[in-house]
Amino acid sequence: MPDGLLPILLLIVVVIIYTIAKVVQSVRKSERQWQQVDKSKLQDWDDDD
């Protein structure tokens, strides 16, 4: 394996882990916000046109 390949692979792994962590964090935040929504004010749309 070339000498410079290991640091590059480690950097790629760190970026992937960071990205996955941010996505999971965003999904959890979205779920919390959805639970706080007053669902009685939501409008039911008829998309059967």
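In which helix is the place of Glu31? I looked this up before anything else, and I found Glu31 in helix α1, which covers residues 5–36. I note at the start that the model is a predicted one, and I read each value below as computed from it.

**Entry on the whole protein**

I turned next to the overall make-up, and I noted one helix and zero strands in the protein. For the extent of the model I wrote down a box of roughly 60 × 30 × 10 Å, which the C-alpha atoms fill when the box is taken along the principal axes. I then looked up burial, and of the 49 residues of the protein 0% count as buried. The protein exposes about 5,100 Å², and I noted that carbon and sulfur atoms supply 61% of this area.

**Entry on charges**

I looked up the charged side chains and found 6 positive and 8 negative ones in the protein. The centres of these two sets lie 17 Å apart.

**Entry on the nonpolar patch**

Which residues make the nonpolar surface patch of about 580 Å²? I listed Leu5, Ile8, Leu9, Ile12, Ile16, Ile20 and Val24 as its makers. I checked one of them, Ile8, against the helix, and its place is in helix α1.

**Entry on Glu31**

I came back to Glu31 to ask about its exposure, and its relative accessible area is 45%. Glu31 counts as partly exposed because this value falls between the 20% under which a residue is buried and the 50% over which a residue is exposed. I also looked up how far Glu31 is from Ile12, a residue of the nonpolar patch, and the C-alpha atoms of the two are separated by 29 Å, with their positions 19 residues apart along the chain.

**Entry on Val23**

I found Val23 in helix α1 as well. Is Val23 buried or partly exposed? With a relative accessible area of 48%, Val23 is partly exposed, since it stays below the cut-off of over 50% that exposed residues must meet. From Val23 I went on to Trp45, which is 22 residues away in sequence, and I noted 29 Å between them in space, C-alpha to C-alpha.

**Entry on Arg32**

My last look was at Arg32, whose place is in helix α1. Arg32 has a relative accessibility of 52% and therefore counts as exposed, the cut-off being over 50%. I looked up Arg32 together with Asp3, and although they are 29 residues apart along the chain, what I wanted was the distance in space: their C-alpha atoms are separated by 46 Å.

Terms used. Residues are numbered from 1 along each chain as its sequence is written. This is a predicted model: local features need pLDDT of at least 70, side-chain atom pairs count only at pLDDT 80 or more; totals for chains, interfaces and linings use all residues. Side-chain values use heavy atoms; hydrogens and water are left out. Helices (H or I, at least four residues) and strands (E, at least two) are DSSP runs, numbered from the N terminus. Buried means under 20% relative accessible area, exposed over 50%, partly exposed in between (1.4 Å probe, protein chains only). Accessible areas come from the Shrake-Rupley method with a 1.4 Å probe; for residues, only the protein chains shown count as cover. Lys and Arg count as positive and Asp and Glu as negative; His and the chain ends are not counted. The place of a charge is taken as NZ of Lys, CZ of Arg, CG of Asp or CD of Glu. Patches are made of residues with over 30% relative accessible area and no salt bridge: like charges are joined within 9 Å, nonpolar side chains (Val, Leu, Ile, Met, Phe, Trp, Tyr) within 5 Å. A salt bridge is a side-chain nitrogen of Lys or Arg within 4 Å of a carboxyl oxygen of Asp or Glu.
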